[in-house]
Amino acid sequence: MSALQKRFARQQTQYAELIMEQSKYSDDNNDVGEQRTIPESVHIILFHPGTEKQHVHTIEFPQGSGNNLILAFENGGDCVEFARMLHDLEFVNPSPEETMFEPFAQYCEMSGLSLMVVPKGFDLTPPQMNADDDDDDEDDDVEEDDDILPIVEDNSGANNNDDDNDVLFDDLDAWG
């Protein structure tokens, strides 16, 4: 198995494990295992914060499913490290931002978005392949929603690889 295939398999496992971790946050978890308290605030990664082009970073999992997950880090340091890895992958200025969990979770639910809490210290790396790196898709049509634009283009002229992995939020105040 090539190194790239091993790295891809490891990342798939990371995100599958993250999904399994979500059950530990459930109020109706009757398992004897470890339970986690839902944090009051979380850290998310925004692009162009405070502007009309503001959007949050998402991960598509499983790859090709169209299911985009917003990562909400319990720990600010973990979010900063993830943003650094995104920057190293040539994402344009990923900005870790803290937000209150409950209003943000409600906004995501109302908008049909999946929110994943990333526990403190959880080993997570961004996918090496960005959604816009796969040029084999012939369906480039975009359907707009009042609050969400699945594909965001940066016309600043800078190299921007965050187009398909982000969601646009028209109003930051809508979720806190």
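These questions and answers walk through a helix and a strand of a predicted model.

Me: Which residues of helix α3 are buried?
Reply: Helix α3 spans residues 101-111. Buried here means under 20% relative accessible area. The buried residues of α3 are Phe101, Phe104, Ala105, Tyr107, Cys108 and Ser111.

Me: Why do the buried residues of α3 lie on the same side?
Reply: An α-helix has 3.6 residues a turn, so residues three or four places apart point the same way. Around the axis of α3, the buried residues sit on the same side because they cover an arc of only 160 degrees.

Me: Which residues are exposed on the other side of α3?
Reply: Exposed means over 50% relative accessible area. On the side of α3 away from its buried residues, the exposed ones are Glu109 and Met110.

Me: What covers the buried residues of α3?
Reply: Strands do part of this work. The cover includes β1 (41-47), β3 (68-73), β4 (95-100) and β5 (114-118).

Me: How many residues of β1 are buried?
Reply: In a regular strand the side chains alternate between the two faces of the sheet. Ser41, His43, Ile45 and Phe47 point one way from β1. Val42, Ile44 and Leu46 point the other way, and all are buried. The count for β1 is 7 of 7.

Me: Which residue is the bridge partner of His43 in β4?
Reply: β1 and β4 pair in the antiparallel sense, over 6 bridges. Within β4, the partner of His43 is Glu98.

Me: Which residue of β2 stands opposite Phe47?
Reply: Strand β2 covers residues 55-60 and runs antiparallel to β1, joined by 2 bridges. Opposite Phe47 stands His55.

Notes
Residues numbered from 1 in each chain as written. Predicted model: local features only at pLDDT ≥ 70, side-chain atom pairs only at ≥ 80, totals over all residues. Heavy atoms only, no water. Buried < 20%, exposed > 50% of the residue type's maximum accessible area, 1.4 Å probe, protein only. Helix = DSSP H or I, 4+ residues; strand = E, 2+ residues; numbered from the N terminus. Arc of directions from axis to C-beta. Contact = heavy atoms within 4.5 Å. Pairing = 2+ DSSP bridges.
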